[in-house]
Amino acid sequence: MQLDPTRLEIQSSKDSNDNRDLRGEWLPLFRGSAPYVAMFRQSIMVFHIPGRLLMETQSSELEGLLGDIALCAVLGVRPVLVPSLSQRVWARLSAECKEFEVKEDPDALEALCNASFESAEMVARLLKQEAGMLCAEVQDLFLRVAAKPTGNFETNKSLSVFASSQLVSAAPQRAASGWQSSPLLGRVTGIDSAQILQRLQEEQVVCVLPVAAGPLRGDGRLHYIPSEELAAQVAEQLKAAKLIFFTRGQRIVDTAHGNAIPTMQLGEASRLLEHAKTSSTFMDKDESKEVVKYLQWLIQALRSGTRRGHLIDPQRGALLQELYTTDGSGTMISLDLYDGIRMAGSGDVSGILDLIEPLVKRGLLKRRGTYEVERACNNQEMFVWKRDDKFVGCASLERFEDAPGKAELGCFVVSPLCRGKGHGAVLLSYIERVATLLGVRQLFLLTTQTMQWFVERGFQNASLDDLPPSKREGYDLGRSSKVFIKNVSDLPSELQQRFTFVEVDALD
């Protein structure tokens, strides 16, 4: 049925009965995702695909996850997939040999490969067969979910997948006991980073299978490499922006407050790992064991150059929410950005004065004498950031007895050598976390020129009436400083920290 042109006319918006609302919830989310899309363009991300999702390649959960990864690729991400073979091989073993029961534990295959037994050749045969089938199935499934809706619009080509077991070389892993090498379990001896990077440059999705042959001059046999370990080593070799593990939906929760933890620093993750190893009850649940194992590899990857690690639920949309929104959906682990920031002491006074002097001469900061800075240090109001005995920045946080919920951010300075690299965002985030812990709800500052930077980070223009009474009385009319206020209680501190982690790519 075709439209009848005699029934059509042009109406103004006030005459139209179409009341469509373009301010729906999708609009701020769409606009808010733009910085993340730009930030992650051409970033290498390594995705570990758990074996339980690959047991049934027609499952909606796997299709949804690969569809989200395909959309990330269209948005400019360069994905590297590392799938697990563990559950598939165990299923084949149990079907062909009654002595093997179906195992849900992905570590069971690793233990089996680490043992010297008569069925080694059968396991090797199944590993090779399942690797070949998985290679074809992942290629087919990825092409199906990434066909028209998420195709490459610039070249009119669908996303292609390069899956291979030839991207990794391995050698026998030494057995856990004795001097005999494991017959099947391997350790990575080399990763063909050049070919992987070339394939990614050609806008292909790379799939690295967790089986590898020995080097040409070695034993030449097939070796199984635990997929979690392989994913971490691939991320390390490629200097990936992110290493992502998919859980069963479990979250790391702060039991004191009942809230899930959206971000952790590397040091916090390491302390959690140590606690899990020494606790008599933490590892009782399989969900905890899985997360702890992932944490172990994430920590190793971050210490080796990977910028971020993530634990995410594989359900449809969770990956996109984690990567392209501020609050995310899982747990992000980052390097210790706050390393070196501490309360200032009397020994820091001269360094602080040297740091602020250039801004004082330019009229951007009011002059502070030695006594004033030392008093702030003694009152635990001054913070410094030092790395390699050099001052990176400083800031003061002053509270007021006549306004307990308010505090002033002052003396906020970053060294000229560090400006434009994200250090200011980290220092501000640290001060906001301290203020929140002290019960401060509003953080205010007085500034003459550098307003835009603070406005972009949540500060809003305010009036003198919004200041504490004691601060209003001492206001310097000659400087004509403007007042800016931020409600630090609007967002949980974890979300402020997450925003900082996303904003800051790396600190030099």
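Where is the place of cysteine 411? In this predicted model, cysteine 411 is found in strand E18. At 2% relative accessibility, cysteine 411 is buried, because buried residues fall under 20%. Its phi is positive, at about 50 degrees, although cysteine 411 is not a glycine. Most residues other than glycine have a negative phi.

Strand E18 spans residues 403-414. The strand is mostly covered, with eleven of its twelve residues buried. E18 pairs with strand E17 (390-400), and the two run antiparallel with seven bridges between them. A hairpin of two residues connects E17 to E18. Within this pairing, glutamate 398 has glutamate 408 of E18 as its bridge partner. E18 also pairs with strand E19 (442-447). Here the strands run parallel and three bridges join them. Glutamate 408 appears again, with phenylalanine 444 in E19 as its bridge partner.

E18 also takes part in the largest pocket. This pocket has a volume of about 1200 Å³. Its lining comprises 48 residues. Leu365, Arg368, Gly410, Cys411 and Phe412 lie nearest the centre of the pocket. E18 gives the most to the lining, with seven residues. Other elements that each supply at least two lining residues include helix H12 (370-378), helix H13 (423-437) and helix H15 (469-473). By class, the lining holds 19 nonpolar, 14 polar and 15 charged residues.

The structure contains nine aromatic pairs. One of them joins phenylalanine 412 and phenylalanine 454 edge-to-face. Their ring centres are 5.8 Å apart, and the planes meet at 70 degrees. This pair links distant parts of the chain, since phenylalanine 412 is in E18 and phenylalanine 454 is in helix H14 (residues 451-455), 42 residues apart. Phenylalanine 412 and phenylalanine 454 are both buried. A second edge-to-face pair is formed by tryptophan 453 and phenylalanine 454. In that pair the centres lie 5.1 Å apart, with 85 degrees between the planes. How do the two partners stand in terms of burial: what is the relative accessible area of phenylalanine 454? The value for phenylalanine 454 is 7%, so this residue counts as buried. Tryptophan 453 has 27% relative accessibility and therefore counts as partly exposed. Ring pairs link Phe412, Trp453, Phe454 and Phe459 into a cluster. Elsewhere, a charged side chain meets a ring. Arginine 199 lies over the face of phenylalanine 162, at 3.7 Å from the ring centre.

A further strand, E14, covers residues 331-334. Are its faces covered or open, and which residues lie on each side? Both faces are covered. Thr331 and Ile333 are on one side, Met332 and Ser334 are on the other, and all four are buried. In a regular strand the side chains alternate between the two faces of the sheet. E14 has two strand partners described here. Strand E12 (residues 263-265) pairs with E14 in the parallel sense over three bridges. Methionine 264 has isoleucine 333 of E14 as its bridge partner. Strand E13 (residues 308-312) pairs with E14 in the antiparallel sense, over four bridges. Leucine 311 stands opposite threonine 331 of E14.

Several loop residues complete the picture. Glutamine 380 lies in the loop between H12 and strand E16 (382-387). Its phi is near 60 degrees, a positive value in a residue other than glycine. Glutamine 380 has a relative accessible area of 54%, so it counts as exposed. Aspartate 465 is placed in the loop between strand E20 (460-462) and H15. With a relative accessible area of 65%, aspartate 465 is also exposed. The C-alpha atoms of aspartate 465 and valine 483 are separated by 9.7 Å, and these residues are 18 residues apart along the chain.

Valine 488 is found in the loop between strand E21 (482-487) and helix H16 (493-503). Is valine 488 buried or exposed? Its relative accessible area is 1%, so valine 488 counts as buried. Valine 488 and glutamate 432 are 56 residues apart along the chain. Their C-alpha atoms are separated by 6.7 Å.

Terms used
Residues are numbered from 1 along each chain as its sequence is written. This is a predicted model: local features need pLDDT of at least 70, side-chain atom pairs count only at pLDDT 80 or more; totals for chains, interfaces and linings use all residues. Side-chain values use heavy atoms; hydrogens and water are left out. Rings of Phe, Tyr and Trp (its six-membered ring) pair if their centres lie within 6.5 Å; planes under 30 degrees apart count as stacked, over 60 as edge-to-face and the rest as tilted. Buried means under 20% relative accessible area, exposed over 50%, partly exposed in between (1.4 Å probe, protein chains only). A charge sits over a ring if NZ of Lys or CZ of Arg is within 6 Å of the ring centre and within 35 degrees of the ring normal. On a 1 Å grid over the protein atoms alone, a cavity is a set of points where a 1.4 Å probe fits but cannot get out, and a pocket is an open set with protein on both sides within 12 Å along at least five of seven lines; lining residues have an atom within 4 Å of a point. Grid points are joined across faces, edges and corners, and a volume is the space filled by probe spheres set on the points. Ala, Val, Leu, Ile, Met, Phe, Trp, Tyr, Cys and Pro count as nonpolar, Asp, Glu, Lys and Arg as charged, and the others, Gly among them, as polar. Two strands pair if DSSP finds at least two bridges between them.
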